[in-house]
Structure formats: C-alpha cells, structure tokens
Amino acid sequence: MSDVRLDNISKRFGDKLALSDVSLAIKDKEFFVLLGPTGAGKTTTLRVIAGLEKQDAGSVYFDGQAVNDLQPADRDTAFVFQQYSLYPNMSVYDNLAFPLRSPLRRVPEDEIRRRVTDAAEKLRITKLLDRKTARLSGGEMQRVSIGRAIVREPRIFLMDEPLSNLDAKLRESLRVELKHLQKTQGSTTLFVTHDQIEALTMADRIAVLDDGHIIQVGTPHDIYDRPATTFVAQLVGTPRINLLPAQRHNGSFRITNSPLDVPLPASEPPPEVVIGVRPEDVRPGDGAYTGSIALIEPLGVETILHIRTGEQTLLSVVPGTSSFRLGDQVPFMLARERLHYFDSSGKRI
Amino acid sequence: MTAAPLAPVNYSTAVDKVGAGPRIRTAVRAIIAIILTIIILIPVVWMGMTAFKSHPDAVSVPPVVFFQPSLESFVSLLTQRRQLTNDERAEFAARTDLTWADQLMLQRGQVIIGESNFRAQLINSIIIAGISTVFSVGFAVLAAYAFSRFHIPGKDDLLFFILSQRMLPAVVVTIPIFLMYKELGLHDTHFGLILLYTSFNLSFAVWLLKGFIDEIPREYEEAALVDGYTRLQAFRKIVLPQATTGIAATTVFSLIFSWNEYAFALMLTSERARTAPPSIPLVLGVGTIEWATIAAGSLAFLIPVVIVTFVLRKHLLRGVTFGAIRKG
Amino acid sequence: MATITLQNVEKKFGDVFAVQPLNLKINNGEFIVLLGPSGCGKTTTLRMISGLEAVTSGNIMFDSKDVTWLHPSERDIAFVFQFFALYSHMTAWENIAFPLQAQGMMRHDIKQRVDDVAQMLQIEHLLDARPSSLSGGDQQRVALARALVRRPAAFLMDEPLGALDAEFRETMRAEIKRLHISQGATTVYVTHDQIEAMAMSDRIVIMSNAVVQQVGTPAEVYHDPANLFVARFIGSPGMNLISATYSSGSIRLPGGNQYAVPDHWQSKLQNGLPANGSVIVGFRPEAARVHPEGRLAAQVYADDLHGGYSMLHLELEHGTVIHARSSRETSYPIGTPIKFDLDPAMVRFFNPETELAISNGRAS
C-alpha cells in the first residue's frame, strides 16, 4: 500500500480544460473519494493516476517517487471501472486470474488458485467461479471486478463509479461491504462518484471537484457541516439544503420575501448573504417562526415537510410519521448553531 | 422469468411492444418469410437442377422439371473434348476400355482428349481470394483498431481518404492498371491479383471493422493495461476475441468480392493466374450454348463461398459475444 | 375525473404471465403508485389501463363505463412518458396546444387553456422555446402541461422522473404532488423508486413477478409489509430480516442472542409458524436503539454518515449484518462490541416457508 500525491496536475482535451492545477495528498490506507457532477474532472484525475491518460503539466508521486514516466502496467494500481470491464469470453475464475497471469508477474498457478479462492471467499462469489461472466447479474459482475482488483494486491485501488450501474438495493449493500473490506484490508483507495451518499458514507476524506478545480477537501463531517461554497452545500445532503437570500435588517438578516429574521454570524458579514439551513435543522412544533404546511412527503423512516412562510418554502425533515396536516399553521425554529452563511459569490463566511 | 425477486428482469419493455393476437402476426410473418425465401431461392435451385441435366434436357423447350440426373455437364466442365466422325464413333463404341466418363461423352459423339483448365482456375480462385481476404482483414483490423483507439493527427481526413478509394468505379482504372501491371511484370501473376483485391477490400474493411471495434468498450483493454499487459497483448487477448462478429462479417464480404470479381480478372490474367469467374462463360460449346456446363461451373464456383459463410454464420448474428455488456 | 376499476385483468405473452389476474379499485381523485422492480408488470398494467396494450382477459371500467376494448383516444386519459415525447419541431406552446387542436377547439379557447396551465406550472417564460433547448426538468414540465391542458378523466404516468438528474427529481416530485393536490385528478403513476412512491402516493400497489404483493398507504407498507418482498423493497435500506428460531416465548437469534417476544405476539407465533419454530424477525433500522444495557449484542461491521444521521452496520455473527440508525455524533471503529434493544412496537415476524407476515391482529 502507498500514499499518493498529485502536484499541480493540469490536463486539456482540445479546447476544454479538464483539470486545472489539481493538487491532492492521499494518505496510506485512506479511503479517498472524488465527488463532483459529470464533467468535473474526477475520472480524468483517476486515469492520470493510473497512467491511462498523460497529464499536460504536474507530477504524480507514489510513496514520494514520481511515476510520470511509468506505463500503466508498471504503476501497480488496480482499476475498477463503472462497467464493461469483465472479459466476456472467460469464466469468473479466469477473469480473477487474468491479472496474475500477466507476463509481468507470472505468478505460479497454485499461488493464483490460492489468491483467487481467497478473494472469492471475501466477496462471497465462490459459487460463481466456474460461471461465464455473461451469466452474472449486475451486482455479481461488480463483485468480480472488485475481486480482480483485490487478487493483485496492488499499491493503490482506483475505482470509477463502480456502483452506479446497480439498482438501489444492491448499491446500499455493496457500499457497506466495500467499506468494510477497505477498512479490514487497509488498502489505499481512490473512489470516484457523483453520488453524494456514496461519498458521505464511505469516505475517510472527500475532495469535491467542479469544472476541473478542487473546491473543498475534508472529512464527510467537514463537507456536510462546513461546506466551503453553496455548490458544495447543494451537492451533499438529501433533501437538499435550503438556500435563502437575505439582507441586513436591524441588526439581523431578513430572509428575502419572508418574515424570517436570522441572527448575524460572529464574524462581520457583508450586507447581502445567502443563508443555508439543512432540512433537519428546520424544526417544526416549537419556535418563533410560523409557516403553513404546503406539502407532506412521508418516507416511512422520516417525513419531509414543505413549510411555506411569506414567499419562501423551506424543506424540513422530521423523524417518523408527522401528525401535521396540509395547510396547518405551525411554529418552527431554525437550529441557530447550524446555520451556514455564504457571501453573494457563494463563498462560506 | 422466475429470477429472485430483486434481480432485474428486463422483459417488460420488449414484450410490451407485442400487440394483440401475437400468434396470427407470427404466422403471417412466417408465411411472408417463406414466400420471399422461395422467390430468392428459385434461380439457385434452377441452376442446381440444370447442372445435373443432360444437354438435351437442359435446352429443351418447354423446360423439363422432372429429368434423369446426369453428370454429363460436370464431365464436360472438367475435360477437353473432340467431336468424333461417324467412323470413329463406331470404333469407339466397340472398345471395352472406356471409363464411365468416356462413355457418357460418346453418347454426344465426343471423345475426351484431356483435362480442362477449370480445376486449375478454381484453385487459382481459392488461392487469390483466400490470401487477399486474409491480408485485407488482417491489415484492416490493425488499422481499424488504431483509428478507433488512438489520437491520430488528421484522423478524420485519413478515414475520408480511405473511403474515397471506393468513390471511383473500379472499372474506370482498368486500363491504367493493365498498363502498369504489364510494365511491372505483375500481369497474369497470383501476386498481382492478390495485391489488387487486397487494396480494393481494405478501405471497406477498415470502415466496417472500425465500427465494430468502436463498440467494444475501451475499458476492457484499459483494465488489461492496468493489470500488467502490453497494448499488443491486450489487443490479442481482449479485443480480437470480442471482435469475432465483425471479423467474420468483414471476412465474408471481402471473400465474396474477391471471389466474384470478374472485370480485372479478365483483363489482368490470361493463363497462369486466371480465376474461375472469367472462364465460366467461356465453356460455351461448339455451335450451341452449353447451359448445363455453365450451370455446373457456377454451382462448383458457388460451393466454397457457401461453405465459408455457413461456417461463420454463428458469428454473423450480431450480439453473441456482447453478453457481458449491460447498458445503462 | 373518474374511478378506475380493474376486474380480473390479466396479460399473457405466450404462456408467460406479464400480469397475473389483478383486481384494483382506484378511487376518484386518488394518487395511486404502481411500484416494483423492472419486469414486474407495473408498466404493462398502466398500458392496459391506457389502452395502449390489450388485456388478455378481464375488464377495465372508468366509472360505470366498460372501456376494456376502447381505443386509447376514446378513454379520456393523458399519458406522460419517461422520455417526455415532446415534438421537437414545435415550440413548447405548440406542443401544449397540440392535443386541443386535435380536438378541434377554438383558437381563443386554446390560448386561454394553454396560458392557464403554463401559469400553473410556472413555464410562461419557456413557451416560445423548442424542447431541445430546455433542461430535462423543464421538458418534463412542458410534457406535464400537455397532459394537464386536456383536463382528462385520469392521468397515467410512466416513470416521468426516471430520466431526470437527481437534483430535478426531488423538485419535480414535489411539483407533481402539489399539482395533484390542487387538481384532484385521478392519477396512476408507475415507478421503480420506492422513495418516490412513498413521498407521492395516497396508496401504493407493490408488484413483483407479475403479481400484486400488497396494496396499502405508505405507512401501511412501511410498517406492516405483507411479505418479505415488500419488507425488503420498501425503505432504504430495507427492513432488517433475520432468520431465527422461536420456542416458548423467546426467539433465538444468531450470535447467541435471545429476544423475549412481547406477550400479545406469543399465541400468534405459536399458530403462525412452521412446527420447527423457524421464523424471520423483521425490524426497521430506526427500531434498533444502541444502549449500554441493551439485551442484544453485536459487533460493529461498518458505520457511516448519511448527512443528518449515521447508519451503524452491526454483525450479529459472520454473514448476518443488520442496519441501525444512530445519531451522527457517535462513531465506532470496526469490531467494537455494541449492545442494543429493539423497539417492541416495531418488530414484525414472518413465516419463512410462506414468506408472509404474521398478522399483528390490527385491521389493515
């Protein structure tokens, strides 16, 4: 296992700047997630690390050594793709053994057998070893793909949205398994996703990318509790954060088109701000504000309430089933210590 | 459809499109398909029948449908014969050392004096079509792979240039090529025709194969690259097995072209390297047209292509090797 | 507006049932969601209601009128497709006006109706645009407007949010529901997303393998699933389901744990379970409460932040992992021993042979 460092990586495709001066340091044994929307440069970053793409500027280091001039095969990384990466003309066993049979390694067959059965055991695919890959379900295929990475015992795992083609139930269970596996194996893992819940649940640290730039790097708690910009704030959390424009008004902030007054933050704020409130921090039942229930979405485990006040509608999440009815006037409060303030350019204050 | 409850079973959208009374529709479709097949096959069947007719049956008007099968046409296809005078005829009739083929020809008043060129020409066809097909598919698969996977400067222009080779009717350049071949000593050589057919087929083969290779996700090879294989090894172990559908299709198309090509074969060969197509019409007999012999030649000519296509038919059905791909 | 009744409606393709005989009454003004994995028959059912697909047998009634063999255009319904199905050569306005023009309505009335519906969906500023220049969410708004403008007896929607990005999906989900509340039109909505179904519906019809598994309100299918399929399918993650053995008032769970069955369940379990006492215990993640004096023991398998809360994954024994919702402030290293309790009101029991829930005696 290794640590990885990216120094000022830039990459263009034709006219499009895919990565702009990206620097990251990933620690040994860390589960590091690159999160961002489509086209943010996450996959390009991963491919540069694997050597599948050559950066225009900057350097990649594994354990302090530059690997810029190494071919993909010589970098000793394992890549798990979103799809397509199982060889359809081979059995599951041969797929798992394929990297070990490469001319670079020439692992003896009995050692291959040991490592393949080992990995199959861990991923619970022992029963599938003799099957042709075309006969597998989506979840099984992705397990085999991960297995193919594990047998290699590589320095670094690179995973490019490996769960995004699976249905929701499978995604949930594989998420947990993958995290457990990574923690018990202690493998350095870079994981690319556009799904915020995958990033929050699996990562030790997250790097949020947008448009080829790194916006924020931090633990899931950092990203969720202290988003650096409104972009990050909106990217993580479901239902989405309430973002409310507000102006200075008599020693507090008045939220536009509403009767809501929100206290000033500790630091000296500009006259116009955007205030962010997570739905779980809009707490109905008690408090100084009132609004009417515009919509109720019962999800079973929790209920989403749309609370209308003035021209603004705030989303609120309450646990379990709510006893409110459509049109009810309810008092509510905003958790003061959990308010987020952003300036007009979207930067956190 | 009895998969575990959570396993996605993707039949709903497919079957939804089947409307009311699917059985009647299936039956109607089957009948139409059968009728079309019959219409398409009639000339071929007629040719096959004619090949086994005797000369009088073959030219009789109205045509005979039920006849005594005879190998006469095949014998005349493979031999050279001389017309006998009446005296000779009686003399030959009395001989007892005649083979069945001799006797067959004797009934038409002819004697076999040697082998015809047809066998040699068929062998020429096999050599020339076979080798040029291997060459064109072999080069094309490499070129197509490169066009599909690498950043090549001026890629689109190059592809257009390759395609533009097919824009001029080939026959237009027969005379220049004839002159060049004369000058270069390629006239009437196997190599000459192989070279020509390979270059004709290449442009088409590159385009066809590029389409197939484009559809093989590059993640497959990239996975192999990361796993410790070289580009060439990844190509051989991963891309080629998955491109069999495309390679089979391209092979059949190239083979059919080289096999059937007539004009250049006629112009550029005379003796040694002559292929079958230009010679079949030349078996016209003395005085009359030997329809049965022409049919026999055409039948013999048809068989190799049918065999190759039959062998490759499994690969020609698309999608067989794409089982592991789940889109979206 | 209409009440839709399906009487023994079935659909067969060859010998395979796409929909097993199905009885369902959709009340006037109700929002019904047909929910299930792909291939379960939900789309076929919707298409039979619309008339785009013929039934193999059975009857479909709109109010008291038998529409089983009527053409889709004669049923007074509007269909919203997953892929918008907007005409790309027309502007948004022309798209919306199209069904009215087809009815031969007067120009002035058309304008009035289109303006009304555009205002309702807040797409007035998009009316001159062509569909290709609109975002996915706006395209679906135009498609909805085209359905609404007809004022049909029923709306049929086939995964209308399936092709949208996650950010639009949440917004559109709320918009469609709000629209339904203001219009009160009978709506049949197909989706494979259980969150959508829960959030939007008055009642959910859960289908799997061509069979209806359960019909109920969101709260019913969440708290009292009729069988194991529903228990797994609803909720994210689904219900925790553990194979165990019942004998005389207590259940032996994996990992040497004992669970004392509440009194009122005991006779029901006695009668409802196979002779060997095998049972599947089910409970929602929020029913498990970590507690230092809890009576059940497990080890932490993984724990993760979901934003407003955390999820603990607890291993009872090798291969048996349950999920427990916990506060976001706590975090445990893998392998930590944990004690927890189950909220007795939220524990359910299933017969492993029939896969059906043991009734808790409440009417449902």
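Student: What makes the largest group of nonpolar residues here a core?

Tutor: A nonpolar core is a set of buried Ala, Val, Leu, Ile, Met, Phe, Trp, Tyr and Cys residues joined through C-beta atoms within 7 Å. A residue is buried if 20 or more other C-beta atoms lie within 10 Å of its own, exposed if 12 or fewer, and partly exposed in between, with C-beta atoms placed from the backbone. The largest set that fits has 249 residues, and A:L158, A:L190 and A:I275 have the most contacts inside it. In soluble globular proteins, nonpolar side chains tend to be buried together.

Student: What kind of model is this, and how are its parts labelled?

Tutor: This is a predicted model, in which local features need pLDDT of at least 70 and side-chain atom pairs count only at pLDDT 80 or more, while totals for chains, interfaces and linings use all residues. Residues are numbered from 1 along each chain as its sequence is written, and chains are lettered from A and ligands numbered from 1 in the order in which they are written.

Student: Which helix gives the most to the largest core?

Tutor: Helix α10 of chain B, residues 190–214, with 12 residues. Helices (H or I, at least four residues) and strands (E, at least two) are DSSP runs, numbered from the N terminus. There is also a second, separate core of 18 residues, with B:M49, B:A58, B:L77 and B:I294 among them.

Student: How do you know which residues A:L190 touches?

Tutor: Two residues are in contact if their C-beta atoms, placed from the backbone, lie within 7 Å. Leaving out residues up to four places away in sequence, the partners of A:L190 include A:I26, A:F32, A:L46 and A:F157.

Student: Why is helix α1 of chain A called largely enclosed?

Tutor: Count its residues against the burial cut-off: 9 of the 9 in residues 42–50 are buried, so the helix is largely enclosed by the rest of the structure. Among them are A:K42, A:R47 and A:I49. The helix is followed by A:G51, whose phi is positive, near 90°. For chain A as a whole, 49% of the 349 residues count as buried.

Student: What makes β1 and β2 of chain A a pair?

Tutor: Two strands pair if DSSP finds at least two bridges between them. Here 7 bridges join β1 (residues 4–13) to β2 (residues 16–26) of chain A, so the condition is met. These strands run antiparallel, and A:R12 has A:L17 as its bridge partner. Their hairpin has 2 residues between the strands, and A:G14 takes a positive phi near 60°.

Student: How are β3 and β8 of chain C joined, and do they run parallel or antiparallel?

Tutor: They are joined by 5 bridges and run parallel; C:F31, for instance, is matched with C:T187. Both strands belong to an open sheet of 6 strands in the order β6-β7-β8-β3-β9-β10 of chain C, with mixed pairing.

Student: Why are β6 and β10 of chain C called edge strands?

Tutor: Each pairs on one side only.

Student: How many residues of chain C are in contact with chain A?

Tutor: 27 residues of chain C are in contact with 32 residues of chain A. The largest share of that side of chain C, 5 residues, comes from α5.

Student: What makes a residue on that side of chain C nonpolar, polar or charged?

Tutor: Ala, Val, Leu, Ile, Met, Phe, Trp, Tyr, Cys and Pro count as nonpolar, Asp, Glu, Lys and Arg as charged, and the others, Gly among them, as polar. Sorted this way, that side of chain C has 14 nonpolar, 7 polar and 6 charged residues.
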